[in-house]
Amino acid sequence: MLTSSVHRSGTIPYLAMRIALTASAPPLQNPKTAAEILDEFKTFYYDSALCGTAPQFQLTVDFVPPEKLVYGTDHPYAPLPAVKFFTAQVEGGEWKGHNPELFKRDNAAKQIGRASCRERVFAGC
């Protein structure tokens with residue numbers, strides 16, 4: 001079962017501090033501290049669907065642990081040229097602290113209750 005996830009991951013990491021610092025203001029009056037809200041944002045899974053440019057995705061990579069990143073494209077709802085552009089932006093980067101195999105398949109496979117793709121291949125499934 002998937003836990004909380006964020007679509008288009010370039011947005012929340014960019015806005016997280018602003019959201020966390022203003023959540024306690026009227027009329028919201030959230031009882032959590034800014035640090036607690038930021039920590040909660042870091043428990044979500046973030047997909048790469050149309051997440052923008054390489055710097056936007058790097059912001060996500062810097063914001064959450066690598067095991068919280070999953071691959072996404074928005075296909076078939078986004079036009080194919082857009083999907084190709086954004087996918088190239090994400091796949092063309094060399095992300096600090098980022099294991100591309102986790103991002104491309106293993107994180108999602110674990111979330112849907114299956115063995116990672118690599119384990120299934122070696123098990124002969």
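1. Reading from the N terminus, the elements of the protein chain follow the order β-α-α-β-α-β-α-α-α. That gives six helices and three strands; both kinds are DSSP runs numbered from the N terminus, with helices being H or I over at least four residues and strands E over at least two. Please keep in mind that this is a predicted model, in which local features need pLDDT of at least 70 and side-chain atom pairs count only at pLDDT 80 or more, while totals for chains, interfaces and linings use all residues. Residues are numbered from 1 along each chain as its sequence is written, and side-chain values use heavy atoms, with hydrogens and water left out.

2. A word on confidence, then. The average pLDDT of the protein chain (the predictor's confidence in each residue, from 0 to 100) is 77, and 75% of the residues score at least 70. Among the elements, helix 2 has the highest mean pLDDT, 93, and helix 6 (residues 117-122) the lowest, 51. Where pLDDT is low, the predicted coordinates should not be read in detail.

3. For the chain as a whole, 34% of the 125 residues are buried. Here buried means under 20% relative accessible area, exposed means over 50%, and partly exposed lies in between, with a 1.4 Å probe and protein chains only. Of the contacts with a separation of 6 or more, 61% are between residues 24 or more positions apart; a contact means heavy atoms within 4.5 Å.

4. You may like to start with the pair formed by helix 1 (residues 12-22) and helix 2 (residues 34-41), whose axes come within 8 Å and cross at roughly 155°. Helix 1 is therefore roughly antiparallel to helix 2. For the angle classes, under 35 degrees is roughly parallel, over 145 roughly antiparallel, 65 to 115 roughly perpendicular, and the rest oblique. The axes are lines fitted to C-alpha atoms, for helices over the stretch in contact, and angles run from 0 to 180 degrees between N-to-C directions. The crossing of helix 1 and helix 2 is right-handed, the near helix being turned clockwise from the far one by less than a right angle (anticlockwise would be left-handed).

5. Who makes that contact? From helix 1 come Ile-12, Ala-16, Met-17, Ile-19, Ala-20 and Leu-21, and from helix 2 come Ala-34, Ile-37, Leu-38 and Phe-41. By class, the contact of helix 1 with helix 2 has 10 nonpolar residues, no polar and no charged ones. Nonpolar covers Ala, Val, Leu, Ile, Met, Phe, Trp, Tyr, Cys and Pro, charged covers Asp, Glu, Lys and Arg, and the others, Gly among them, are polar.

6. Two residues of this contact deserve a look. Ile-12 lies in helix 1 and counts as buried because its relative accessibility is 18%; the C-alpha atoms of Ile-12 and Phe-41, 29 residues apart along the chain, are separated by 8.0 Å. Ala-34 lies in helix 2 and counts as partly exposed, with 23% relative accessibility. Leaving aside its neighbours within four places in sequence, Ala-34 is in contact with Ala-20 and Leu-21. Its C-alpha atom is 7.7 Å from that of Ala-23, 11 residues apart along the chain.

7. The loop between helix 1 and helix 2 is worth a check of the backbone geometry. Pro-27 lies in this loop, and a cis peptide bond with omega of about 5° joins Pro-26 and Pro-27. Gln-29 is found in the loop too; although it is not a glycine, Gln-29 has a positive phi of about 45°. With a relative accessible area of 54%, Gln-29 is exposed. As background, most residues other than glycine have a negative phi, and most peptide bonds are trans.

8. Helix 1 also packs with helix 3 (residues 54-63), at an angle of about 60° and with the axes 9 Å apart, so helix 1 and helix 3 are oblique to each other. Here Pro-13, Tyr-14 and Ala-16 of helix 1 meet Leu-59, Thr-60 and Phe-63 of helix 3. By class, this contact has five nonpolar residues, one polar and no charged ones.

9. Last, a residue further along. Glu-91 is found in helix 4 (residues 80-91) and counts as partly exposed, at 43% relative accessibility. Leaving aside neighbours within four places in sequence, Glu-91 is in contact with Tyr-71 and Lys-104. Glu-91 and Phe-103, 12 residues apart in sequence, are 9.9 Å apart C-alpha to C-alpha.
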